[in-house]
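Ready for some practice at reading a structure? Take a look at the sequence and the model below, then work through the exercises at your own pace.

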Amino acid sequence: MLYASIRSVGAYVPKKILSNSDLEKIVDTTDDWITKRSGIKNRHIASSEEATSDLAKEASIIAIQRAGLKPQDIDMIIVASISGDYLFMPSTACVLADKLGIKNIPAFDILAACTGFIYALSTAKAYIESGMMKNVLIVGAEALSKFVDYSDRTTCVLFGDGAGAAVISATNDKEEAVVDVHISADGALQDFLITPGGGSKHPFSSFANSEKMQFIKMKGNETFKIAVRTLSNDVEEIIAKNNIKLHDIKFFIPHQANYRIIKAVGDAIGLKDEQLVLTVDRFGNTSAASIPMAMNAIYEEKKLKYKDMMLLDAFGGGLTWGSALLPFCGK
Ligand code: UT7
């Protein structure tokens, strides 16, 4: 029997840091408001020369090397992003493959907003368990700052740039296997988080430009309430379905949108504070990149060890949501 197992994680953030006090000089906001409402203090911002694939490349090189592999050992690349290098083609995964020097393997993007990394994990798992692939590189990468309206205080204080990558490989050892992955969506609430311009609905035009349709728009408060409810239910379901005890979960690694959402979900399911992984203060909301970036943070802090059980969960535009239970099997 073939199973999928996470062999490594890596991450990269651009050098420039945008702090809350920097934002105080740009829009009508305060460090106190941002900290209390979201838990965010800093976010990293890509330079004008850095595209999403550049961030993805740095994270991928680390993940591939930590998995003990060479780029040529990777047989599929999946990039989850809502801020790809190009609007529709080529995919950021194809650009990344080229930057890694990899040819003649499938490479494609997944568009599931902040849930993208869990969608990518689910896809990699299915390909590996079916025997079609052996080593799949999955990447969450975002240069969201390029799609943020820095005159809109309701969004510009939240988002940041960065990338996280992981290698998912085939194993025969059931104890190393990804236990379960849930992914889901509800398009009825598509306008809660939306980048309205540039697609076939509102192609680039002077009207789309004057309405600032190329930027991320969010109904923050409505999204907040649905996120807490949906994530708590989803996480309770995956734990119950797989007969996992709360004390078996070493780390709860949620999408890092807002400290209050993470704490509310953790409290709703009865997790202790030491189980919660929090990086939202340093990186802000990096959408599809936030989970692998948070995983990488505890790996680099030498807290995440072989066979530690991780519970992932995420919620984002679409609306989409998902959760996963998996032991970390990196060295
Ligand atoms: O990653 C994908 C999923 N995303 C999420 O899950 C994000 C979910 N939403 C959130 O994290 C929170 O809703 C926010 C952090 C975005 C906002 O927090 P909130 O507690 O829901 O605030 P609010 O939107 O209800 O706004 C409260 C007040 C408003 O003023 P009034 O109407 O009460 O006078 C806003 O205009 O805060 C005002 N406000 C701000 N004030 C200072 C909104 N943005 C700012 C700001 N600085 N940056």
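The exercises below deal with the ligand site and some backbone features of this predicted model.

**Exercise 1. Find which residues surround the ligand and which are closest.**

Solution. Start with the whole shell: 22 residues surround the ligand. Then pick out the closest, which are T29, N221, H255, N258 and N285. Finally, sort the shell by residue class: nine residues are nonpolar, nine are polar and four are charged.

**Exercise 2. Work out which helices and strands supply at least two residues of the shell, and which gives the most.**

Solution. Go along the chain and note α2 (31–38), α6 (153–156), α8 (220–241), α9 (259–269) and β12 (309–316), each of which supplies at least two shell residues. Next, look for the main contributor: α8 gives the most, with four residues. Now step back to the domains: domain 1 (3–174) and domain 2 (180–327) each provide at least three residues of the shell.

**Exercise 3. Look at the side chains of N221, H255 and R260: what is the distance from each to an oxygen atom of the ligand?**

Solution. Count a pair of N or O atoms as a polar contact if they are within 3.5 Å. For N221, an N or O atom of the side chain is 2.8 Å from a ligand oxygen. For H255, a polar side-chain atom also lies 2.8 Å from an oxygen of the ligand. For R260, the distance between a side-chain N or O atom and a ligand oxygen is 3.0 Å. To see how far the ligand is covered, take the 960 Å² of accessible area that the ligand has on its own; the protein covers 74% of this area. As for the space that the ligand takes, it is the second largest pocket.

**Exercise 4. Locate the cis peptide bonds that lead into P90 and L319.**

Solution. Begin with M89 and P90, whose peptide bond is cis with omega near -5°. P90 belongs to the loop between β4 (76–80) and α4 (92–100). Then move to G318 and L319, joined by a cis peptide bond with omega of about -10°. Here L319 lies in the loop between β12 and β13 (320–327).

**Exercise 5. Is phi of K212 positive or negative?**

Solution. Read phi for K212: the angle is near 55°, a positive value in a residue other than glycine. Then place the residue: K212 is in the loop between α7 (206–210) and β10 (217–218).

Key:
Residues are numbered from 1 along each chain as its sequence is written. This is a predicted model: local features need pLDDT of at least 70, side-chain atom pairs count only at pLDDT 80 or more; totals for chains, interfaces and linings use all residues. Side-chain values use heavy atoms; hydrogens and water are left out. A residue is near a molecule or strand if one of its heavy atoms lies within 4 Å of it. A polar contact is a pair of N or O atoms within 3.5 Å; within protein, one must be able to donate a hydrogen and the other to accept it, and residues adjacent in sequence count only if both atoms are side-chain atoms. Accessible areas come from the Shrake-Rupley method with a 1.4 Å probe; for residues, only the protein chains shown count as cover. On a 1 Å grid over the protein atoms alone, a cavity is a set of points where a 1.4 Å probe fits but cannot get out, and a pocket is an open set with protein on both sides within 12 Å along at least five of seven lines; lining residues have an atom within 4 Å of a point. A molecule sits in a cavity or pocket if more than half of its atoms lie within 2 Å of its grid points. Ala, Val, Leu, Ile, Met, Phe, Trp, Tyr, Cys and Pro count as nonpolar, Asp, Glu, Lys and Arg as charged, and the others, Gly among them, as polar. Domain bounds come from an automatic or database domain assignment.
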